[in-house]
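Please open the structure in your viewer and keep the selection tool at hand. The tour goes from one selection to the next, and each stop says what is there.

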Amino acid sequence: MYLIQFLILSSLLFCIGVYGVLARRNAVLVLMSIELILNAVNINLIAFGAFNGAAIPAEVFALFIIAVAAAEVGVGLALVLTIYRNSKNIDLDHVDLLKG
Amino acid sequence: MSTTYLAAEAGDLAVQASGFFLENVWIIPAIMASSFAIILGFGKRMPRGGSEIGIAAVGICFVLALMTAGQWIGQVNEAANCTPETCDYIQDDHSEDTDDRSEDADDHSDEGAFPVDIGVGSADGESASALTAFTEAKEGSTSAAAVAVLSERTWWSNGGIDFTIGTMVDGLTVTLLVVVTLVSMLVHIYSTDYVAGDRRFTHYFGFLSLFTAAMLFFVTSANVLQMIVGWELVGVCSFALIGHWWEEQPNSDAALKAFLTNRVGDIGLLIGMIILFFASNEKWGIIEINAGAIDGTTSHTLLLIASLCLLAAVMSKSGQFFLHTWLPDAMAGPTPVSALIHAATMVVAGVYLIARLYGVFFNGLSIGGSSINALAVIGAVTTLVGASLAFVQDDIKKVLAYSTISQLGYMTLALGVGAWTAAVFHLTTHALFKACLFLGAGSVSHAVHSFDMKKDMGGMRKFMPTTYKTFLIGSIALAGLPPLAGFWSKDEILAGTGGWGFFEGKSHANGAYTIMLVMGMITAAMTAAYMTRVMYLTFFGEFRGGHHDDSHATDDGHADALHDDPHESGPRILWPLRILAGLAVVAGLMNLPKGFLGLPSGWTLRFEHYVEPLAATGYFPKISHADPSWSLAIFSTLVVAGAVGVAYYYYFVRVNAQSPSATELVNGPTERSGLLKAGHTMLKNRYYLDHIYDGGEPVGAAGASAMGTIFGAAAGLTLGFSLDNGLNQDFWPSLVWGALLGLTIFTIVTAALRSGMGIATVVKRPMANAANWVHENIIDAAVDEVGKNSVKTADALYKYIDQGVIDGSVNAAGRGSQGAGGELRRWSTGKVQQYATVMFAGATLLAGLLIIVI
């Protein structure tokens, strides 16, 4: 078992997440892609923690991130729901109220 | 030194005087100097053209001067009533003492005077015996001399020599302070009327202030360097005020002449002061120089040379023969200026210089033991020359000018024979009555618009009663009839010559000054006679003015207005006259002779008591005081009365009988006798001195040389006597050398004056043109150019800097943000994923950078 294997997995997950965030139009899928990114970070943290050792167990951060992610998803889904209610659509291309 | 002198009355004890006003006397000149600055700066914007500032300043100064004088009197009294228990005596060792004193001068309130070994609070045998001896010597009196208050600060130090600046106050200083501020104040008030409406009114008052400041600075000087500065400053003010109406050629000539003649003497001043500096061990302080001269540490030869050099300065500044010729010409200035500067204050600067450095003159010229010396001779000749020339003047101011020369000669004579107090006393009384006379003459001329007594005056008594009365009082005071001021001071000088003892058959202490007594007596008679003449020509007979109306057709309305009957002047002219006349009456009582009418000693000789420094101070020589003589007083009064009588008979009886409007007898003595006529012509030509100086007609070069030889030989004789007495050489060799030296000096002086005046005359017009050209083309042009260029620059600044740079940058900032906003708005599409793309790209970029850098 090498650290690099975990890092490769994590970076793959991260890239997939980034792709999802940038390319998907469905807001729910974007949220899910964000979850992927966060989990890639979690894997990284735990891998580094396991291999390098640390004063505080890396799981603490991972659990913390999971908790924050849960909250984030809650807020995000609520936003998506509100957008849907207003425009009957969750295509992010149509959500451009900030256009200058 | 001289054995002919009695011990000073108050013994050898001295105490340091002190007091607020005495230590801070610098305030007085400082007030006048700031008044000058304020008048120059703001005078023209004042409602009265700056005169109010000058009057206020000089008024304050007068009050301060009175307070200073009061404090000095208190200090002298305290010292006179001194007991060893109450006073700290200054040790009677002048050579050490003066050094100590100058070091401690700044805080002598702390240190006080110098504790001495004469039993102050100590009871050992030695000091007790010293005290006893001292008390016996003084017959129970324990009075001490008050030492001048010295406040000095170091100005700068160079080569181990401290150049100090400070004030020295003693009786002489406070006398001059009071006289200068009093006369100056009255002249200021008088001038507000006299020069009212003058185009340079503000300038005039500015210079009056500067002059007063300079004179006060001069008399409060603690060292000779400051004296030189003050001396030159009063000279400059005199120049500026003589040439006040410089648009007329004679006025600007007179100013130049005064300035140049004074420069000749100033060279003597500089050389003399420098000699004194080196002779007295590199000291500038007046007290140190005097002390060194008195205790014999200064070389006698150097003292003699220095005092002769200083005498040259005195001759030019105080109008002594043969450098007096500028003084009558100086009457070209406004009359109040003549009163203030050319009669009462500035011209006595020379007399003050001698009085201040009396130790130097006294020992340098051997006044104490000498039968004759340069100072006395110059003074005696000057009194005679001045008085004789005053006879033939038609201009009332010129009579007074020559009279001033004559009276200054009196003062110099008095100093030359050792009658110091008499000289200073005469200085004071003369300032009062001569200012009164000059201001009176100004008042008359203000009414008739002329100074010519023969053409435009006569009978003024009817038109100007107050001026007449005050002028009469001034004349009597000047003539020296008792009990007016002039009598007391003149008589004291005559007594001070000591010559009267010769006639009484006594072998008097310094009875050898008999010739001075004779010359002074002749002058007194002449003074009385010419003042009678002035009184007649001005105030009696018939009014001869207004003749222009008769000679010219009266179509000229202006002339009519001008030559109406003259009328009395306004109150601002009359009140100074009244005050001065009042003082001229009473001023003589300041110094009643000793034992006069059996008065107690607290009533007599007050002036001497408070003004004359005692020998115990260490900076003043031991001088003798002549005993007052009833016979002399009566004789001199008879002489004066006789002269008045003769002149009265000639003018009031003979001339008046001929015709009330006549001024001289038709077939008078000068026309009948060839000798008298020649004498009259010579007087009319002012002894040809001016002709010698400018080499002009009617003397010509040969005549000038001849007269020059006579004057040179006379000067040489004087010098010869001085050298004889000063250096104890044989008489005849020193006479020959002195004559040669005097001739050389006179030739140099004449050449200097002649070339100076010649150069000035030749150069003046081109200089004036050049100055005008410079003024028009450089100064004015520069100002114009500066103005034009300033406008241009300001335009450019507005155009390029303000509009271009500042406004431009503001606008550019606005436009820039607008443009940037226009560009940037295209970036904000509102598409979240686009933002995220940019963000990720940026994050990747930064991460890449991080990896590369690390």
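Does Glu492(B) count as buried or exposed? Select Glu492(B): because it has 27 C-beta neighbours inside 10 Å, it counts as buried, the rule being that a residue is buried if 20 or more other C-beta atoms lie within 10 Å of its own, exposed if 12 or fewer, and partly exposed in between, with C-beta atoms placed from the backbone.

Before going further, note that this is a predicted model, in which local features need pLDDT of at least 70 and side-chain atom pairs count only at pLDDT 80 or more, while totals for chains, interfaces and linings use all residues. Residues are numbered from 1 along each chain as its sequence is written, and chains are lettered from A and ligands numbered from 1 in the order in which they are written.

**Around Glu492(B)**

Glu492(B) sits in helix H23 (residues 485-496) of chain B; helices (H or I, at least four residues) and strands (E, at least two) are DSSP runs, numbered from the N terminus. Now add Ala419(B), Ala422(B), Phe425(B) and Asn591(B), which Glu492(B) touches when residues up to four places away in sequence are not counted; two residues are in contact if their C-beta atoms, placed from the backbone, lie within 7 Å. Pro593(B) is also worth selecting, since it is 101 residues from Glu492(B) in sequence and 8.0 Å from it in space, C-alpha to C-alpha.

**The nonpolar cores**

Select Ala423(B), Ala435(B) and Ala584(B), the residues with the most contacts inside the largest nonpolar core, which has 241 residues. A nonpolar core is a set of buried Ala, Val, Leu, Ile, Met, Phe, Trp, Tyr and Cys residues joined through C-beta atoms within 7 Å. Helix H19 (residues 420-448) of chain B gives the largest share of this core, with 18 residues. A second, separate core has 7 residues, among them Val18(A), Val21(A), Leu31(A) and Leu92(A).

**Helix H9 and helix H30**

Go next to Phe239(B) in helix H9 (residues 224-242) of chain B, which counts as buried because it has 20 C-beta neighbours inside 10 Å. Leaving aside neighbours within four places in sequence, Phe239(B) is in contact with Ala255(B), Ala258(B) and Phe259(B).

Then select helix H30 (residues 630-658) of chain B, whose 29 residues reach 40 Å from the first C-alpha to the last, close to the 42 Å expected at 1.5 Å a residue; the expected span is 1.5 Å times one less than the number of residues. A kink of about 30° in H30(B) is centred on Tyr648(B), where the bend is the angle between axes fitted to the seven residues ending there and the seven starting there. Buried residues in H30(B) include Leu632(B), Ser636(B), Val640(B) and Tyr651(B).

**Where the chains meet**

The contact takes 10 residues from chain B and 11 residues from chain A. On the side of chain B that touches chain A, helix H36 (residues 832-853) of chain B gives the most, with 5 residues.

**Colouring by confidence**

Finally, colour by pLDDT, the predictor's confidence in each residue, from 0 to 100. Chain A averages 89, with 99% of the residues scoring at least 70, and chain B has a mean of 77, with 78% of its residues at 70 or more. Over residues 1-10 of chain B the pLDDT is below 50, although this stretch has 22 contacts in the model beyond near neighbours in sequence. For the complex, the predictor gives an ipTM of 0.85 and a pTM of 0.70.
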